[in-house]
Amino acid sequence: MGGAGARGGARDAAGVMFWKRLFGRARRDRDRDEELRLHLAMHIDDLVARGVPVAEARRQAHLSLGNARSRREEMDDMQRLPFVETFSRDVRYAVRMLRRTPAFTITAISTLALVIGANTAVFSLANALLLKPLPFPDADRLALVSTEFASPRGSGSGHSVDGATWKALASGPMGAGAAVFTNWTAGVNLVVNQQARFADQQRVGAGFFRVLGVLPAVGREFTVDEDVPGGPAVAILSHALWMSAFAGNNSILGQTILLRGEPWQVIGIMPEGFRGTVDADVWTPLRPTTSGEGGGTNYAVIVRVPDGQSVADAERQVGPAVAEAMRVQFSAADVTVTAGLEPLKEVLSADNREPIVMLSAAVATVLVIACVNLAALLLARGGARSKELATRMALGSGRASVIRQLMTESLVLALAGGAAGLLVGWLGLGGLQAISGDRFLDWQRVTIDGPVVVWCAGLSLLTSLIFGLVPAWQVTRLDVQAALIEGGNRSVAGGASHWTRRGLIVAQVALGVVLLVSAGLLVRTFVNLQSLKPGFNPQGLTTTAVSLLDARYPSPIEVNVLFDKTLERLRLTPGVDAAAVSLGLPYERVLNMGFRYPGEERGRTASVMYVSPDFFRTFQIPVNRGREFRASDAATTLPVLVVNEAFSRLYSKDRDVMGRMIQFAGAQREVVGVAGDVQMRPGFQVDGLVPGPVVSSPTIYLPAAQVNQGIVGTHIWFPPVWTVRASSPETAARALTDAMAGVDPLLPLGQIRQMSDVRASATAEHSMLMLLVGALALVALLLAAIGLHGLISHSVTERTREFGIRLALGASPSGLVRSVAESGVVLVAIGVVIGALLAVPASSLVASVLYGVAERDPLTYTGAAAFLLVVAAVASVIPALRILRLDPATTLRQ
């Protein structure tokens with residue numbers, strides 16, 4: 001019943017529409033007839049007014065009007081949209097033509113889907129990380145205080161200030177619109193229901209959230225009274241931590257939680273999805289000072305430019321005050337300090353900009369190569385359709401009409417490729433994020449959203465112009481008479497299309513060389529990094545960090561008791577060969593501190609690690625001279641140090657470093673050993689060191705038992721690390737977990753990692769870029785080879801009769817093969833030369849990530865050119881070999 005009723009309703013609706021159309025058309029006809037009658041009457045009146053008799057005026061008016069039906073049809077045509085109808089007809093014809101050549105259509109759409117998808121994936125990254133505004137109200141008005149230093153000895157820049165500078169800025173006119181904070185997080189211990197967990201803590205000053213423009217969704221932010229040394233212990237939770245640790249219970253507001261080993265009162269919960277300058281779980285007051293932590297450049301200052309002011313106006317207010325306060329830090333009079341404001345967006349996205357620009361350039365190059373390849377295919381296809389096109393032109397179709405039809409076919413291909421490219425882009429984005437790991441984690445969720453879809457559609461239209469216009473223009477320059485008589489390809493532009501195709505091949509090869517050279521430089525960089533000797537044996541090492549930014553470990557005494565007890569448990573665990581504690585790890589950035597030799601004014605900087613006595617044995621770092629630390633190197637004995645070879649080489653050239661006294665961390669310490677170098681991420685630059693992602697920087701090791709309160713205070717930035725050399729990773733992980741739980745169950749372990757993972761993390765960016773750019777270079781190489789193969793194959797087909805005649809006249813088949821293949825190799829050689837010239841400026845894009853290889857490394861250039869020539873030779877010879885199968889008699893009969 002329901003179905004019959006529905007069908008009856010549909011029939012009624014259709015009937016209503018029919019009558020509406022019918023009566024609507026009848027009404028339009030009446031209107032047009034009335035309009036025609038009006039024009040006729042006006043014309044008659046005009047003639048009568050000029051003295052023409054009425055009968056004659058009617059006759060002349062009817063003659064002038066002509067056939068009334070034709071006039072009405074002309075009016076109908078004027079009210080239609082001829083462009084839409086023409087375009088619709090062209091699209092239908094284009095689809096029919098493309099369906100007749102499924103191999104070409106599938107190849108073209110697949111190629112476009114691949115390159116548009118790659119560009120879509122990379123653009124999604126660029127859109128989220130570089131183009132979208134930060135998720136704060138009026139984010140373009142947010143800026144960070146920046147400083148630049150210059151002296152005859154060097155220069156530098158940054159966004160860090162000390163406590164005195166913040167004090168001077170806070171008391172100035174911009175103080176109300178500024179806030180101080182630490183632009184990093186530290187892992188801290190959070191205990192909920194007697195369960196310990198790691199939480200990322202950021203310390204921020206009063207007004208930080210107000211300046212950002214995002215206040216807590218529940219509760220409030222920190223007040224000035226809370227942001228002072230000794231102020232109340234209050235904390236603000238992220239929405240994610242609130243949900244995961246406290247089940248979203250509002251009653252947590254006003255209650256205390258055990259954070260960093262002491263009670264903190266929760267006063268606020270941030271909105272869902274909020275992320276500040278870094279990704280944090282909990283925020284606590286910074287409590288800025290002008291000594292201790294505040295005596296160094298450990299703070300950052302964010303400024304909201306007031307309404308009605310420009311960034312330049314605010315900079316004129318902030319710059320002089322900051323520069324004057326920072327200049328006090330430098331005792332040398334020749335140091336020049338300038339200060340200003342830098343947009344927050346530019347600062348926070350700075351690390352992402354370079355790799356994304358590099359990847360964007362690479363995928364754009366592949367897109368152009370693909371378009372060139374498709375243009376060559378369309379040229380060849382146009383040659384095959386010359387008779388059809390000539391027939392259309394002979395029947396009256398103008399050249400513009402034929403070009404429009406061919407461009408419509410290109411547009412249909414591009415739109416189909418763009419639609420498939422969206423799917424490829426979505427898949428590629430997932431792969432890109434998998435390869436890059438957490439490299440591109442940021443404020444915005446990286447996804448294919450509306451702007452990306454619009455961009456993809458625009459790119460599809462652009463590609464249709466790039467690969468469609470030149471072939472359409474070239475193909476329509478055919479000799480119509482010759483095409484109708486011969487039906488051959490020679491009629492197309494008198495053979496000019498051959499030169500166009502050759503030019504396209506040269507362009508493909510040239511762009512391919514640029515990508516191959518860039519990929520080659522990155523590969524060589526990665527190989528150089530992998531070939532660096534780590535300086536220790538990473539096999540069998542398992543490591544984890546533990547936060548000692550905890551009220552229960554306020555001094556070196558409690559810290560060393562923890563070290564001793566846990567290490568003792570680890571040593572007694574079956575399967576554990578050695579265990580140690582250190583402040584930091586190889587392949588990571590560690591603490592750096594200043595030191596000087598007694599009697600010298602000049603200070604120097606070195607990487608600093610405190611280590612337990614078994615550190616060198618656990619890591620198997622050789623101690624080349626002197627001795628390693630002993631259990632007897634205690635707090636009450638002579639302070640001692642072990643330095644590495646880089647320290648000796650760079651900081652003690654004039655005399656043997658063994659036995660030298662060093663003024664360091666508030667005491668004079670004797671160098672008792674020289675250890676081998678290990679690779680670390682540099683925290684400072686030293687003359688004589690080659691810059692790179694990891695270097696053998698000058699390093700000071702000191703016994704953990706001899707650390708003082710000042711070094712324990714560095715736990716605010718660097719947590720100590722427990723490392724175990726064991727028979728298996730599982731044994732090591734279990735031993736670490738059990739040892740810490742047996743000594744202090746409220747100290748959660750950080751991520752348990754293998755040393756190989758730590759090493760891979762240090763070179764992750766280089767390996768990611770090498771993989772992505774290398775893959776794109778191979779795609780470019782493949783497209784160039786396909787294009788060259790198509791050109792040679794088309795040439796052989798076109799010249800089959802000529803080859804048959806030459807074979808019949810005694811020409812050598814091998815000679816013909818060689819002559820055809822040589823033409824392809826010559827084109828590639830021209831493209832290689834042009835590409836090598838283009839690669840010189842293009843390689844500057846990757847210059848900043850190169851290590852151990854020059855931008856213009858001749859080996860890389862030569863290797864890329866040779867590789868391309870070999871591939872080109874193969875791609876040229878294979879189709880040319882078809883000549884060997886030609887039968888001259890059969891060919892001539894055809």
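**Close-up 1. Asp-614, a buried acid, paired with Arg-617.** In this predicted model, Asp-614 has a relative accessible area of 19%, so it falls under the 20% cut-off and counts as buried. Its salt-bridge partner here is Arg-617, with N and O 3.9 Å apart. That separation is within the 4 Å limit, so the pair still counts as a salt bridge. Arg-617 itself is partly exposed, at 45% relative accessible area.

**Close-up 2. Asp-656 and Arg-625, a bridge between distant parts of the chain.** Here Asp-656 and Arg-625 form a salt bridge, and their closest N and O atoms sit 3.0 Å apart. The two residues are 31 apart in the chain and link distant parts of it. Asp-656 comes from the loop between helix 19 (645-651) and strand 19 (661-664), while Arg-625 belongs to strand 17 (residues 623-626). How accessible is Asp-656? Its relative accessibility is 43%, so Asp-656 counts as partly exposed. Arg-625 is partly exposed too, at 28%.

**Close-up 3. A salt-bridge network of Glu-568, Arg-571, Asp-614 and Arg-617.** Back to the pair from the opening view: Asp-614 and Arg-617 belong to one network with Glu-568 and Arg-571, joined by salt bridges that share partners. For the wider picture, the model has a count of 21 salt bridges.

**Close-up 4. Asp-313 and Arg-316, a salt bridge within helix 9.** The side chains of Asp-313 and Arg-316 meet with N and O 2.4 Å apart. Both sit in helix 9 (residues 311-327), and because they are three residues apart, about one helical turn separates them. Are these side chains buried or exposed? Asp-313 is partly exposed, with a relative accessible area of 27%, whereas Arg-316 reaches 58% and so counts as exposed.

**Close-up 5. Helix 12 crossing helix 13.** The axes of helix 12 (residues 386-394) and helix 13 (residues 399-436) come within 9 Å of each other and cross at roughly 140°. That angle makes helix 12 oblique to helix 13, because a roughly antiparallel label would need over 145 degrees. As for handedness, the crossing of helix 12 and helix 13 is right-handed.

**Close-up 6. A nonpolar surface patch that includes Leu-838.** Which residues make up the nonpolar patch? Val-826, Ile-830, Ile-834 and Leu-838 do, and together they have about 320 Å² of accessible area. Leu-838 lies in helix 25 (residues 813-842). With a relative accessible area of 42%, Leu-838 counts as partly exposed, and it clears the patch cut-off because that value is over 30%.

Methods
Residues are numbered from 1 along each chain as its sequence is written. This is a predicted model: local features need pLDDT of at least 70, side-chain atom pairs count only at pLDDT 80 or more; totals for chains, interfaces and linings use all residues. Side-chain values use heavy atoms; hydrogens and water are left out. Patches are made of residues with over 30% relative accessible area and no salt bridge: like charges are joined within 9 Å, nonpolar side chains (Val, Leu, Ile, Met, Phe, Trp, Tyr) within 5 Å. Accessible areas come from the Shrake-Rupley method with a 1.4 Å probe; for residues, only the protein chains shown count as cover. Helices (H or I, at least four residues) and strands (E, at least two) are DSSP runs, numbered from the N terminus. Buried means under 20% relative accessible area, exposed over 50%, partly exposed in between (1.4 Å probe, protein chains only). Axes are lines fitted to C-alpha atoms, for helices over the stretch in contact, and angles run from 0 to 180 degrees between N-to-C directions. Angles under 35 degrees count as roughly parallel, over 145 as roughly antiparallel, 65 to 115 as roughly perpendicular and the rest as oblique. A crossing is left-handed if the near helix is turned anticlockwise from the far one by less than a right angle, and right-handed if clockwise.
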